[in-house]
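Reader: Please take a close look at the surroundings of the ligand, and then place them within the fold as a whole. I would like one connected account that I can follow at the screen.

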Amino acid sequence: LPEQLIYFDNAATTPVDEKVLESMLPFLKGDFGNPSSIHGKGRVARTAVENSRKTISKYLNTSPSEIFFTSCGTESNNLAIQRVVNDLGIKNVISSKIEHHCVLRNVEALEKLDEMQIHYVAIDEKGHFDLAHLDELLTEIDGQCFVTLMHANNEVGSMMNIKAAGEVCKKHKAIFHSDTVQTVGHFNIDLQDIYVHLISGSGHKFHGPKGSGFLYINNELQLSPMIKGGPQERNIRAGTENVSHIVGLGKAFEIAYENLAEESKYIQSLKNHMIEMLRGKVSGVGFIGDFDGDSLYSVLNVSFPPNKKDEMLLFNLDIGGICASSGSACGSGANVGSHVLTALKTDTSRKTIRFSFSKFNTIEEIDIVVTKLKELVEG
Ligand SMILES: Cc1ncc(COP(=O)(O)O)c(C=O)c1O
């Protein structure tokens, strides 16, 4: 690998913040107790786990009793969908065609069951859900409905107005889950202000450790265990807690929210600079989704005019020490197209690349990447 890597793949995962790592280390060394043990070592671990829960609930403006630790965003979404549908006897589910695979595959599995009706909310070409259509669907459906719609799309960045979607769900007394994996740690989410029953988060999307996640479950819902066993996580998820990762998740939360205003502005300025530089320097570039509107400030999905070297673009960036992601109609490593770009009806002859930024990126890095792209696309 080249010595100087430029990492523009922060929607896939982010580097762990040094301070997060420091907060975790004691729990991988001396403070190794099991939080369920009642002796001193156990109590130290229990306190750490509960402090992390308090930190998360504080920033989301909710009660610690509504935060459940999991191993990742995927697990949180699986828990939410499977338990709600099974425990509440749901027969109608509303979702979308641009959800992350961990939601999509669950919804598709439900679709195969005779007793289930799955409805997909309409999407515009920028990746926004049609909330009037959501309202129509909910009006037509008889009985309780479960709505699962993502807060922000990981491939193109488009954001849903979660408060407005919640209001539609409230009107029809629907159970509402939102996959907030790309927005937790990046946007303020006030759970007292939004009608939502479940939201999912993942530590590695905001400089916490991989393998750390949580699910917010509104106290009104009583769900049965996803993993059966001991009474951990208030009987929802058995298994000895991953203390170091739970601590790291809490620390990453604290850092993210204490610095949110400043860092979000900085990252947005990186994205704006990249848009401006690409427009000015690379002919024929386009941008996918609502890139200058309701969209993640950390994600920019760029499309390039058809070129015979297209397939090599991401590979050549990689050789040049630039990490980005394929947001193309033919995803990296898989021979199937991106379901998101298909749903957005993007021009499949154009190559698209997702660049995603973090607080650790710089304007200089953007300039280097744009120069490299110009050379690859026009050279
Ligand atoms: C929108 C969204 N949901 C869920 C996930 C899954 O999260 P995790 O990697 O923690 O399983 C991701 C990760 O890419 C994501 O972007």
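**The ligand and the sheet behind it**

Author: Helix α3, which spans residues 73–87, supplies 3 residues to the shell around the ligand, and this is the largest share of that shell. What follows rests on a predicted model, and the values should be read in that light. The shell holds 14 residues, of which T74, D179, Q182, S202 and K205 come nearest to the ligand. Sorted by character, the shell consists of 8 polar, 4 nonpolar and 2 charged residues.

Three of the side chains can be followed down to single atom pairs. T74, which falls within the range of helix α3 (residues 73–87), places a polar side-chain atom 2.6 Å from an oxygen atom of the ligand. In the side chain of D179, an N or O atom is 2.7 Å from a nitrogen atom of the ligand, while the side chain of Q182 has an N or O atom that is 2.8 Å from an oxygen atom of the ligand. Taken on its own, the ligand has 390 Å² of accessible area, and the protein covers 88% of it.

Two of these residues lead on to a sheet: D179 lies in the range of β6 (175–179), and S202 in that of strand β7 (residues 198–202). The sheet is open and mixed in its pairing, with 7 strands in the order β2-β8-β7-β6-β5-β3-β4. Its edges are formed by β2 (67–70) and β4 (117–120), each of which pairs on one side only, and neighbouring strands are turned against each other by 20° on average, with direction ignored. Strand β7 pairs with strand β8 (residues 213–217) in the antiparallel sense over 5 bridges, and within this pair I199 has Y216 of β8 as its bridge partner. Helix α6 (residues 162–171) lies across β5 (145–148) and β6, running at about 160° to β6.

A further sheet completes the picture. This open, antiparallel sheet has 4 strands in the order β9-β10-β13-β12, and its edge strands, β9 (286–287) and β12 (325–326), each pair on one side only. β9 runs antiparallel to strand β10 (residues 299–304) and is joined to β10 by 2 bridges, with G286 standing opposite S303 in β10. Helix α8 (residues 260–281) packs on this sheet, where it touches β9, β10 and β13 (351–356), and the direction of helix α8 makes about 15° with that of β10.

Notes. Residues numbered from 1 in each chain as written. Predicted model: local features only at pLDDT ≥ 70, side-chain atom pairs only at ≥ 80, totals over all residues. Heavy atoms only, no water. Near = heavy atom within 4 Å. Polar contact = N/O pair within 3.5 Å; in protein donor to acceptor, adjacent residues only side chain to side chain. Areas by Shrake-Rupley, 256 points an atom, 1.4 Å probe, with all protein chains shown as cover. Nonpolar A, V, L, I, M, F, W, Y, C, P; charged D, E, K, R; others polar. Pairing = 2+ DSSP bridges. Axes fitted to C-alpha atoms, helices over the stretch in contact; angles between N-to-C directions. Contact = heavy atoms within 4.5 Å.
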